[in-house]
Amino acid sequence: MKKLKFNKKGFSLIELLVALTILAVIVAISSDTFRNVLQQAGREMGIMSTQMDNFVGLGMLTYDIEHAGYGLPQGFRTTINYNEAATSPASNYNDAPSGVPRPFVLGNNTGLNNSDYLVIKSLLAATNNACTKWTYITFEGKPAPKQWATSGQNLTSGNRVIVIKPAKDIYSSNELIIDADGNFYTTFNPTSFSSDFSPQNQGERYMIYGVDTSTDLRMPFNRTDYYIKVPTTSSMPAMCAPNTGILYKAVVNHSDGKFNEMPILDCVADMQVVFGLDNNEDGVVETYSDDISSLTTAQIRKRIKEVRIYILAHDGGKDNSYTYPSNTVTVGEFGKGSTFNLSTTIGTGWQNYRWKVINIVVKPKDL
Ligand SMILES: [Ca+2]
Ligand SMILES: [Ca+2]
């Protein structure tokens, strides 16, 4: 066999493989199907996660935080009356029936083992086929919205959409269009779009955002909640330490306000969320807080520059030959979060699990 000769300054096979892998990841991230892949992988990871680092659910959480606030109305044209999550504890974090939706809402230490409950509101927080799509309609172009050259990017007939009149300048807010009957959404039609949801004046352009494929909307946005729970319908995986739960991503269904739950990590003892805040709005974070309950929607948008997530879980099952070195674990930073006591919360055998804290820092891009 002829031996291949490589220039010393050329690429080695390993380098090429690494480059190709990176390219494949970039292509995957930019494709429409990426979220579907994540969802499917997330389900599988929830069932058999043994390698905690870089678990796929972390990608979903990062994506949702990055896009919190995307397509979210900042104001309403007229009085609005909408529904949101139907059952507690999710309903504790509603902005319905008439509040401007907050991109982030935190239930601080309200969950299992005093873990945090994180709510993210954004059109991209759902997992349906319409919520990543948008277009616009102009006064001159009506009744047909703009069609993209790539058909896969277009909203399809029957999709439920919201319509937003963009802000005039950085000092004003965008505005959700509501018709005379109080409807805050409409059904997409690519050739004859609703005149009630179309610009009324020359030069105006309204944004049209997909929210759901074909279900009537109970709220003019999508919402996903992250929380730790011990499942009621199926038992915990046998490998998990006592008093741990499963970390879920749950999307609020437009049909009934209940959850579509997706397990993303098993054997989770705690999750803490800490926000990096720019209180004087000069672009630089000066404080870290685990309580954003006093912030207005506008302040949440202007001040939250970082979201830090800390997840305490164990890798693999119980191992009697292994001894975890400390009975307390810091799940947080900057004096926020928790000091988790393994011996009192987990109980007997706590030291025979490989405890780890997963730490991510995400900068929201769409606030
Ligand atoms: Ca907390
Ligand atoms: Ca600042």
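This is a dialogue on how the terms used for a predicted model follow from its values.

Biologist: What counts in a predicted model, and how are its parts numbered?
Modeller: Local features need pLDDT of at least 70 and side-chain atom pairs pLDDT 80 or more, while totals for chains, interfaces and linings use all residues. Residues are numbered from 1 along each chain, chains are lettered from A and ligands numbered from 1 in the order written, and side-chain values use heavy atoms, with hydrogens and water left out.

Biologist: What makes an atom a donor of the calcium ion (ligand 2)?
Modeller: A donor is an N, O or S atom within 2.8 Å of the metal, or 3.2 Å for Na, K and Ca; water is not among the atoms, so sites may look incomplete. Asp 278 (OD), Asn 280 (OD1), Asp 282 (OD), Val 284 (O) and two OE atoms of Glu 286 lie at 2.2 to 2.9 Å from the calcium ion (ligand 2), so they count under the limit for Ca. The donor residues have the spacing D-x1-N-x1-D-x1-V-x1-E.

Biologist: Why is the site of the calcium ion (ligand 2) called irregular?
Modeller: Six donors count as octahedral if opposite donors are over 155 degrees apart and all others between 65 and 115; four count as square planar by the same angles, or as tetrahedral if all angles lie between 85 and 135 degrees; anything else is irregular. The 6 donor atoms here make angles of 49 to 168°. An angle of 49° fits neither range for six donors, so the site is irregular.

Biologist: Why is Glu 286 called partly exposed?
Modeller: Buried means under 20% relative accessible area, exposed over 50%, and partly exposed in between, with a 1.4 Å probe and protein chains only. Glu 286 has 38%, so it is partly exposed.

Biologist: Which donors of the calcium ion (ligand 1) link distant parts of the chain?
Modeller: The protein donors are Asn 108 (OD1), Asn 109 (OD1), two OD atoms of Asp 116 and Gln 272 (OE1), at 2.2 to 2.7 Å. Asp 116 is in the loop between strand 1 (104-107) and strand 2 (117-121), and Gln 272 is in strand 10 (residues 259-277), 156 residues apart. Strands (E, at least two residues) and helices (H or I, at least four) are DSSP runs, numbered from the N terminus. Asp 116 and Gln 272 are both buried.

Biologist: Why is helix 3 called largely enclosed?
Modeller: Of its 11 residues (56-66), 8 are buried, so the rest of the structure largely encloses helix 3. Among the buried ones are Gly 57, Leu 58 and Tyr 63.

Biologist: Why is Pro 325 exposed and Thr 296 partly exposed?
Modeller: Pro 325 has 72% relative accessibility, so it counts as exposed. Thr 296 has 42%, so it counts as partly exposed. Pro 325 is in the loop between strand 12 and strand 13 (328-333), and Thr 296 in the loop between strand 11 (287-289) and helix 4.

Biologist: What is noted about phi of Glu 281?
Modeller: Glu 281 has a positive phi of about 55° although it is not a glycine. Glu 281 lies in the loop between strand 10 and strand 11. Its relative accessible area is 37%, so it is partly exposed.

Biologist: Where are the cis peptide bonds of Pro 97 and Pro 143?
Modeller: One joins Ala 96 and Pro 97, with omega about 10°. Another joins Lys 142 and Pro 143, with omega about 15°. Pro 97 is in the loop between helix 3 and strand 1, and Pro 143 in the loop between strand 3 (134-138) and strand 4 (160-165).
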